[in-house]
Amino acid sequence: MSEKRTSQRVECSSNCQLSLNGNIYRGIIENLSTSGALLKVAAKKLFELPQGSQCSLIISDDPLFIPGVFSGNIVHNCSSRIGIKFQF
């Protein structure tokens with residue numbers, strides 16, 4: 001598989017929320033870069049998170065404390081892991 005990443009990724013383990021179509025999915029950011037993120041999401045129905053969907057990544061699991069919200073698109077969805085490419 002050819003590498004499509006354009007920026008270095010940093011491993012992390014931060015709580016997050018993924019907002020898509022009015023639904024919130026809790027997860028953990030596994031790695032992060034300036035262009036995107038890889039999340040492990042606790043969604044029972046991953047088909048609800050289809051590739052190409054616009055979403056928002058909230059870097060916090062506390063709805064009263066939201067240090068960052070990033071818009072993006074889901075670029076892959078495989079085995080509870082979701083890849084997001086940020087939109088700037």
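Buried means under 20% relative accessible area, with partly exposed lying between that and the exposed class, which is over 50%. The legends below describe a predicted model.

**View 1. Arg81 and Glu30 form a salt bridge.** The closest N and O atoms of the pair are 2.9 Å apart. Arg81 sits in strand 6 and Glu30 in strand 2. The two residues are 51 residues apart, so the pair links distant parts of the chain, and a salt bridge here means a side-chain nitrogen of Lys or Arg within 4 Å of a carboxyl oxygen of Asp or Glu. Glu30 has 19% relative accessibility and therefore counts as buried. Arg81, at 30%, counts as partly exposed. A search of the whole structure finds one salt bridge. Side chains of opposite charge can pair when their charged atoms come close.

**View 2. Six strands close into a barrel.** The strand order is 1-2-3-6-5-4. Pairing in the barrel is antiparallel. From one strand to the next, the twist averages 45 degrees. Strands of a sheet pair through backbone hydrogen bonds, either parallel or antiparallel.

**View 3. Strand 1 and strand 2 form a hairpin.** Strand 1 covers residues 10-20, and strand 2 covers residues 23-32. The strands run antiparallel and are joined by nine bridges. Two residues lie between them. Asn21, in the turn, has a positive phi of about 55 degrees. Ser14 has Ile29 of strand 2 as its bridge partner. Cys16 stands opposite Gly27, also in strand 2.

**View 4. A hairpin joins strand 2 to strand 3.** The connection runs through three residues. Strand 3 spans residues 36-41 and runs antiparallel to strand 2. Five bridges join the two strands. Ile28 has Lys40 in strand 3 as its bridge partner.

**View 5. The largest nonpolar core holds 15 residues.** Which members touch the most other members? They are Leu18, Leu39, Leu49, Leu57, Ile82 and Ile84. Several strands contribute to this core: strand 1, strand 2, strand 3, strand 4 (54-58) and strand 6 (81-86) each supply at least two residues. In soluble globular proteins, nonpolar side chains tend to be buried together.

Definitions and conventions
Residues numbered from 1 in each chain as written. Predicted model: local features only at pLDDT ≥ 70, side-chain atom pairs only at ≥ 80, totals over all residues. Heavy atoms only, no water. Pairing = 2+ DSSP bridges. Axes fitted to C-alpha atoms, helices over the stretch in contact; angles between N-to-C directions. Core = buried A, V, L, I, M, F, W, Y, C linked by side-chain atoms within 4.5 Å. Buried < 20%, exposed > 50% of the residue type's maximum accessible area, 1.4 Å probe, protein only.
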